Structure formats: structure tokens, C-alpha cells
Amino acid sequence: MGVKQSRSFSSKDLNEVSLGPRGKSVMRDDQPSVSSAAERIRKHTTVHFGYSTLSLVMQGLDETPTELWELRELQKLNLSMNCLCSVPSGLGALDNLVILNLWGNNLSSLPPEIGLLKKLRVLFACRNRLREVPEELGSCTRLEVLSLANNQITGLPGNFAAMNSLTKLNLSHNRIVHIPACVYSMKGLVFLHLASNRLETIAEQIQDLVNLKILIVEGNSIHTLPKTLCFMESLELLNVDFNDLQNVPEEMYLLSRLKRLACHPLDKGLHIIHNPLLKPIQEVLQGGLSALYKYLKAT
């Protein structure tokens with residue numbers, strides 16, 4: 001489908017939709033109706049790949065305009081890179097939202113009403129100040145992509161286990177000590193990013209993620225890898241760099257889709273060389289992944 005283009009917001013435009021200094025919502029004498037103000041925002045929406053879209057990126061907003069919550073037809077809303085400290089309960093009125101981008105704000109919490117967004121498939125809430133996630137978000141069972149990276153999160157609510165549609169979960173750069181138990185129930189996961197947390201172990205239940213292709217746990221304090229990890233036949237990228245691993249499970253050669261030792265972060269394969277590996281594993285790895293697998297099979 002075609003794309004209906006629209007100019008981005010200017011300072012003049014923002015004033016026209018009743019935004020005051022620093023993006024705060026106010027009523028002006030020449031704007032007696034909230035609905036008319038909502039119409040002024042609506043004219044800046046676009047139709048992008050068939051979705052009704054509104055972008056308020058980098059507008060210096062420290063509050064969202066009240067009129068925004070009248071735009072119930074919105075399907076994609078981008079509020080990234082502003083100065084928002086909170087999102088009001090009005091968010092729940094946008095029950096047609098499919099994609100919500102809150103990246104790069106100062107959010108310390110998400111409103112419980114986010115659970116009313118039953119059609120939501122993508123949520124970016126990375127680079128905020130979140131310490132926890134509301135359990136109501138677990139009601140968004142159509143979510144396919146969830147990024148909570150670069151926050152201060154220590155865990156996830158147990159009811160997130162019902163997120164069977166989730167394929168990509170990014171929890172990197174948080175304060176997680178144990179992989180949340182609900183994660184092991186997310187059978188649809190293909191991508192799981194847990195780098196730069198405080199992990200020391202990976203539970204044996206990791207093998208329950210039968211569709212997982214990419215697992216990134218670099219930059220933690222993991223001492224050992226569970227044997228069950230070696231039975232995850234779909235794994236194509238396993239990044240355990242910069243941990244405290246001294247050895248590997250003898251069954252690791254079963255991970256046949258890990259084709260090589262990888263160095264570049266985006267390369268498929270096994271990322272492991274930046275660990276305090278003991279001899280003979282450390283020496284065997286100098287011959288590459290095939291040499292390691294040959295050695296493990298022989299033992």
C-alpha cells in the first residue's frame with residue numbers, strides 16, 4: 001500500500017494543538033473545545049503501510065497533550081526521545097494501538113491501563129527508569145515484540161507466562177539476578193536478550209524454549225551452563241561472552257546450528273572466547289568450534 005506523507009511537527013504546530021511551554025498541555029482562549037484541539041493533532045497523522053500513525057518524536061514533551069487520547073483510531077504512536085516522566089491513564093483509550101514506542105524518556109512506571117491495549121503487538125519502553133512492569137501488561141497477549149532494555153528492572157510479573165505470541169524479548173541492561181520464571185513459559189520466543197544484567201546461572205528450564213534461535217547473555221556473571229542448553233536444537237546464535245565460564249558442558253557439540261566461533265556481535269555462532277576458560281578447553285578453541293566439538297565428542 002502507498003504511504004500518505006505528512007510534514008513533521010514544528011513549534012508552531014505544537015502550539016496549534018494546545019501545547020504550552022516544554023510541551024505541557026494547556027487550553028487557549030482561541031481553542032474552546034478539546035475536540036477541536038484533537039482535530040488539530042489528527043491532521044498530522046499519516047497512513048503508513050495501512051496503519052494510522054502519529055509521531056511526536058523529540059518534541060521536548062514532559063507531558064502528553066490531553067487531546068491525544070481522543071484519537072482512538074491510532075494504531076501506531078511514537079512518543080520516543082522526549083522528557084516524559086509518566087504516561088496518563090488515558091493511554092487505555094487508544095484500544096486500536098498496534099505499536100507503541102516510549103523509547104528514551106524518563107518513565108518510572110507504566111500505567112495499569114496499558115493492559116487495555118488488547119491489539120498491541122509491539123512495545124518499546126527501553127531507555128527509561130522503570131523498576132518494575134505492571135502485571136496488567138500481561139493481558140496484552142498479542143504482544144510479539146517487547147523491549148524493556150536499559151531500565152532498572154529486577155523481574156517480570158508471573159502472568160507474563162501467558163504471552164504465547166511473544167517472539168522477541170529484550171531485557172538487556174537491567175538488574176536481573178535470575179531469569180524470570182515466566183520467560184521459560186514463552187514458548188514462541190525466537191530472540192531473548194539478557195546481556196548486562198546480574199545473572200549467575202541459567203535454569204535447566206531453558207530447554208523449554210524450543211523455538212529459540214538467538215540467546216544473548218553476555219556481560220553477566222554466569223559460572224556454568226546447564227546441560228539442557230545443549231538440547232536446544234534451534235539455537236543459531238549463543239552469546240555467553242564476558243562471563244565467568246571456566247568450562248562447557250560435554251554435550252555442547254549437539255548444538256549443530258552453531259556453525260563457528262563468532263566475534264562480531266551480529267555474527268551467528270558461538271560467542272565464548274572472552275571467558276576465563278580452563279585448559280584444555282581454552283587451547284582447543286584455538287582450532288575453532290569444529291575442534292571444540294571434536295574434542296567434546298571424544299570425551
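This section describes the confidence, sheet architecture, salt bridges and one buried asparagine of a predicted model.

The structure is a predicted model, and the mean pLDDT of the protein chain is 90, with 88% of its residues at 70 or more. Two stretches fall below a pLDDT of 50. Residues 1-8 form one of them, and this stretch makes 16 contacts in the model beyond near neighbours in sequence. The other covers residues 18-32, for which 37 contacts of this kind are found in the model.

The chain contains an open sheet of eleven strands, arranged in the order β1-β2-β3-β4-β5-β6-β7-β8-β9-β10-β11, with mixed pairing. The edges are occupied by β1 (46-48) and β11; each has a single partner strand, so one side of each is left without a neighbour in the sheet. On average, and with direction ignored, neighbouring strands of this sheet are turned by 10° against each other. Within the sheet, strands β7 (residues 168-170) and β8 (residues 191-193) run parallel and are joined by three bridges. K168 has F191 of β8 as its bridge partner.

The salt bridges come to nine in number. In one of them, E73 is paired with R42, and the closest N and O atoms are 2.7 Å apart. E73 is located in the loop between β2 (51-55) and β3 (76-78), whereas R42 belongs to helix α2 (residues 34-42); the pair therefore ties together parts that are 31 residues apart in sequence. E73 counts as partly exposed because its relative accessibility of 31% is neither under 20% nor over 50%. R42 is likewise partly exposed, with a relative accessible area of 23%.

A second salt bridge joins the side chains of K268 and E236, with an N to O distance of 2.9 Å. This pair also links distant parts of the chain, 32 residues apart: K268 is in the loop between β10 (237-239) and β11 (269-271), and E236 is in the loop between β9 (214-216) and β10. E236 has a relative accessible area of 17% and is therefore buried.

A further salt bridge is formed by E283 and K279, whose closest N and O atoms are 3.8 Å apart. E283 is partly exposed, with a relative accessible area of 42%, while K279 is exposed at 62%. Apart from this pair, salt bridges that share partners join E39, R42 and E73 into one network.

Attention now turns to N105. This residue is placed in the loop between β4 (99-101) and β5 (122-124). Its relative accessibility is 5%, so N105 counts as buried, the limit being 20%. Two contacts of the N105 side chain with backbone atoms are found. The side chain of N105 reaches the backbone oxygen of L79 at 3.0 Å, and it reaches the backbone nitrogen of L84 at 3.1 Å. When neighbours within four places in sequence are left aside, N105 is in contact with L79, S80, M81, N82, C83 and L84, and also with R127 and N128. L79 and L84 thus appear both in this contact list and as the residues whose backbone atoms are reached by the N105 side chain.

Key: Residues are numbered from 1 along each chain as its sequence is written. This is a predicted model: local features need pLDDT of at least 70, side-chain atom pairs count only at pLDDT 80 or more; totals for chains, interfaces and linings use all residues. Side-chain values use heavy atoms; hydrogens and water are left out. Helices (H or I, at least four residues) and strands (E, at least two) are DSSP runs, numbered from the N terminus. Buried means under 20% relative accessible area, exposed over 50%, partly exposed in between (1.4 Å probe, protein chains only). A polar contact is a pair of N or O atoms within 3.5 Å; within protein, one must be able to donate a hydrogen and the other to accept it, and residues adjacent in sequence count only if both atoms are side-chain atoms. Contact means heavy atoms within 4.5 Å. A salt bridge is a side-chain nitrogen of Lys or Arg within 4 Å of a carboxyl oxygen of Asp or Glu. Two strands pair if DSSP finds at least two bridges between them. Axes are lines fitted to C-alpha atoms, for helices over the stretch in contact, and angles run from 0 to 180 degrees between N-to-C directions. pLDDT is the predictor's confidence in each residue, from 0 to 100.
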